[in-house]
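User: Could you walk me through this structure?

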Amino acid sequence: MAATAQPITLSAGVELEPPSAALKVEFQTILTPEAVQFLTELVSTFDEDVEEILQLRIGKKLCLDRDGGLPEFLPHTSHIREDQSWKVQPVPQRLQNRHVDLGDVSPANTAHFITALSSTAQGIQTDFDDGHCPTYLNQIQGLFNVYKAVHSQFPDIPHISKVPILMLRPRAWNMVEHNMLVNGKEVPGPLFDFGLLMYHCGRILFENGCGPFFYLSKVENHLEARLWNKIFVWVQKKGGVTLHGLKYNIGVGILFIEAWLRGQGTFYFRGQVEDSATAEISRSQVWQWLRHQVKLEDGDGRIVTRNLVQALVKEIETELQDVLHHHNDSSKGQLAVASEIFLEIVQKRDFPEFLTTYLNLEHTFLSANH
């Protein structure tokens with residue numbers, strides 16, 4: 001009788017089914033000890049919350065069946081629905097042109113996924129849900145293919161910043177991952193998918209202005225949306241922010257504002273031509289890191305605070321004077337104004353909708369263009 005493969009036991013309370021021989025490389029790339037530890041912490045943090053919303057679904061259905069009612073909006077949120085000025089935050093730059101999206105593209109189908117990456121579509125629904133059968137083989141292969149696309153490892157496929165935007169679609173709440181157990185329980189499928197996608201791909205997608213963007217399917221109410229938000233915030237904090245990344249975003253933001261005040265829509269930074277899309281992402285991240293008091297993962301583990309950002313802005317302003325060859329009082333003054341505006345934007349209580357709209361109404365820009 002042939003011996004059967006035994007589950008891989010990692011840290012206490014975690015079991016993971018071994019891969020087939022054909023997927024050994026893919027498995028070792030995606031399910032590294034560090035990635036599994038990250039995933040374990042994510043599942044341990046939110047498993048009870050997932051269980052609660054699934055139980056609430058059952059209870060809600062029983063109530064509707066018993067009373068013959070229909071789903072309705074909450075009465076105490078009527079003032080929001082009646083407020084004509086209420087709106088969500090603006091759509092990110094890379095999501096504004098979505099004339100053609102390719103739907104139900106399972107990344108486990110390597111040939112189909114590569115064809116989609118090579119297409120002229122604006123987006124790809126990178127589907128681990130309805131358009132995908134979640135066998136263990138398909139999950140590992142699909143996650144590995146997304147990893148290769150994001151890390152620009154597919155031959156003859158453009159850099160991740162040049163391919164259609166990836167709309168990553170993890171499994172819905174009702175799905176579980178049978179091949180990983182944490183504390184004796186199968187882990188929620190959406191946490192398995194989302195956690196590994198963010199762990200391996202989140203930072204690169206962000207740094208290239210490509211997201212990460214997620215298509216969250218089958219969200220039934222505000223409590224489920226709120227849970228997803230808590231998960232996003234947890235992952236952002238857990239993933240960490242480096243001092244280098246914080247400085248880079250501040251530099252991009254200041255440079256764009258300085259260029260805008262000179263009447264330019266693009267600027268040159270670290271070997272690349274950048275525009276408002278990069279600046280929007282950069283100032284948004286700094287605003288969010290300030291709001292959530294994110295801890296830097298390098299150096300001495302400082303928290304991103306107003307004092308830290310203010311100090312870095314002054315430091316970077318001095319560095320940019322040499323980069324831009326701004327050595328006279330007039331050009332130094334304009335860079336100082338750009339730095340002040342950047343600080344004003346990232347320290348605002350409410351998130352400014354569009355950077356360009358904000359700058360277009362800024363008195364310095366208006367006075368310079370009359």
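A few questions and answers on the sheet, a buried residue and a helix pair follow.

Analyst: Happy to help! This is a predicted model, where local features need pLDDT of at least 70, side-chain atom pairs count only at pLDDT 80 or more, and totals for chains, interfaces and linings use all residues. Residues are numbered from 1 along each chain as its sequence is written, and side-chain values use heavy atoms, with hydrogens and water left out.

User: Which strands stand at the edges of the open sheet of four strands?

Analyst: Helices (H or I, at least four residues) and strands (E, at least two) are DSSP runs, numbered from the N terminus. Two strands pair if DSSP finds at least two bridges between them, and here the pairing is parallel in the order S3-S4-S5-S8. Each edge strand has a single partner, so one side of it is left without a neighbour in the sheet; these strands are S3 (101-105) and S8 (213-214).

User: Which residue of S5 stands opposite glycine 123?

Analyst: Glycine 123 belongs to S4, where it also stands opposite aspartate 101. S3 and S4 (residues 123-127) are joined by three bridges, while five bridges join S4 to S5. On the S5 side, the residue opposite glycine 123 is isoleucine 165.

User: How many residues of strand S5 are buried?

Analyst: Buried means under 20% relative accessible area, exposed over 50% and partly exposed in between, with a 1.4 Å probe and protein chains only. Ile165, Met167 and Arg169 point one way from S5, Leu166 and Leu168 point the other way, and all are buried. For S5 (residues 165-169), the count is five of five.

User: Why does aspartate 193 count as buried?

Analyst: Aspartate 193 lies in helix H6 (residues 189-207). Leaving aside neighbours within four places in sequence, it is in contact (heavy atoms within 4.5 Å) with Phe128, Gln139, Leu143, Pro170 and Arg171. Aspartate 193 counts as buried because its relative accessibility is 0%.

User: Are H10 and H11 roughly parallel or roughly antiparallel to each other?

Analyst: The axes, lines fitted to C-alpha atoms over the stretch in contact, have angles from 0 to 180 degrees between N-to-C directions. Those of H10 (residues 306-323) and H11 (residues 329-346) come within 10 Å and cross at roughly 155°. Angles under 35 degrees count as roughly parallel, over 145 as roughly antiparallel, 65 to 115 as roughly perpendicular and the rest as oblique. H10 and H11 are therefore roughly antiparallel.
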